[in-house]
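The following exchange examines how several labels attached to a predicted model are justified. The sequence and structure are shown first.

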Amino acid sequence: MFTRWRNSHGFGVHSPFGFQFVERVIARQKSYAYYAYADIDRCCKHEHYSHRVAEEAKMLLRLMCFLEPRSIYLPPDSLKIFQTALKGFNSKLRIVRNPLNAGACDIIASSGNDIPLDRLKEFISETGKSILLKDAPPEWHGILFETMREGIMIQGGSNAIIMSRPQMQKVTYSMYI
């Protein structure tokens, strides 16, 4: 538990990419906010989402700003607040809702029941791809980490962020995400 807290604040993260990721995405920025935070808060209030869901949407926005993808797969049953976060990043972002077309995206956001594990393994074996797993079976994290050639995995509970990056040693960190 202590290691997870330390990593979540950047301590013990020795990869420069990983440290920047923690500082810009995981650790909550208290000194400034993104313009789209107001849109997320309005959506949260209008749709009666919990504070936790709003924080997840804000983290998704920060993640998009950090990775700067051109396209993302978002499950058809995902909440409206996540679409709001993605549009807040870039209104020209291509959001794919059909699981059959997910492989052509830069990022796959999956709940573990919309895309089979074999397709996710094939996807993450390509350099420069990322997978966001929410409430997926915990054993999937290790399987996908072993499948990628190089990159970083941030895991916390049943959630994980797996990023395949070129010329980067494979490393995993446990954090509160």
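Q: Which element gives the most to the lining of the largest pocket, and with how many residues?
A: In this predicted model, the element is α4, which contributes seven residues to that lining.

Q: What space lies in the largest pocket, and which residues that line the pocket are the closest to its centre?
A: The largest pocket holds about 740 Å³ of space. Its lining comprises 28 residues, of which E56, L60, F82, K134 and N159 are the closest to the centre. Two or more lining residues come from each of α4 (51-67), β3 (107-110), β4 (130-133) and β6 (159-164).

Q: How do the residues of the lining of the largest pocket divide into nonpolar, polar and charged?
A: There are 15 nonpolar residues, four polar ones and nine charged ones in the lining.

Q: Why is H48 called exposed?
A: The relative accessible area of H48 is 70%, and exposed means over 50%; H48 is therefore exposed. This residue sits in the loop between α3 (36-47) and α4.

Q: What makes the phi of H48 notable?
A: Most residues other than glycine have a negative phi. H48 is not a glycine, yet its phi is positive, at about 60 degrees.

Q: How do you know that E68 is exposed?
A: E68 has a relative accessible area of 60%. The cut-off for exposed is over 50%, so E68 qualifies as exposed. E68 belongs to the loop between α4 and β1 (71-73), and its phi is also positive, near 50 degrees, although E68 is a residue other than glycine.

Technical notes: Residues numbered from 1 in each chain as written. Predicted model: local features only at pLDDT ≥ 70, side-chain atom pairs only at ≥ 80, totals over all residues. Heavy atoms only, no water. 1 Å grid on protein atoms, 1.4 Å probe; cavity = no way out; pocket = protein on both sides within 12 Å on 5 of 7 lines; lining within 4 Å. Points joined across faces, edges and corners; volume = space filled by probe spheres on them. Helix = DSSP H or I, 4+ residues; strand = E, 2+ residues; numbered from the N terminus. Nonpolar A, V, L, I, M, F, W, Y, C, P; charged D, E, K, R; others polar. Buried < 20%, exposed > 50% of the residue type's maximum accessible area, 1.4 Å probe, protein only.
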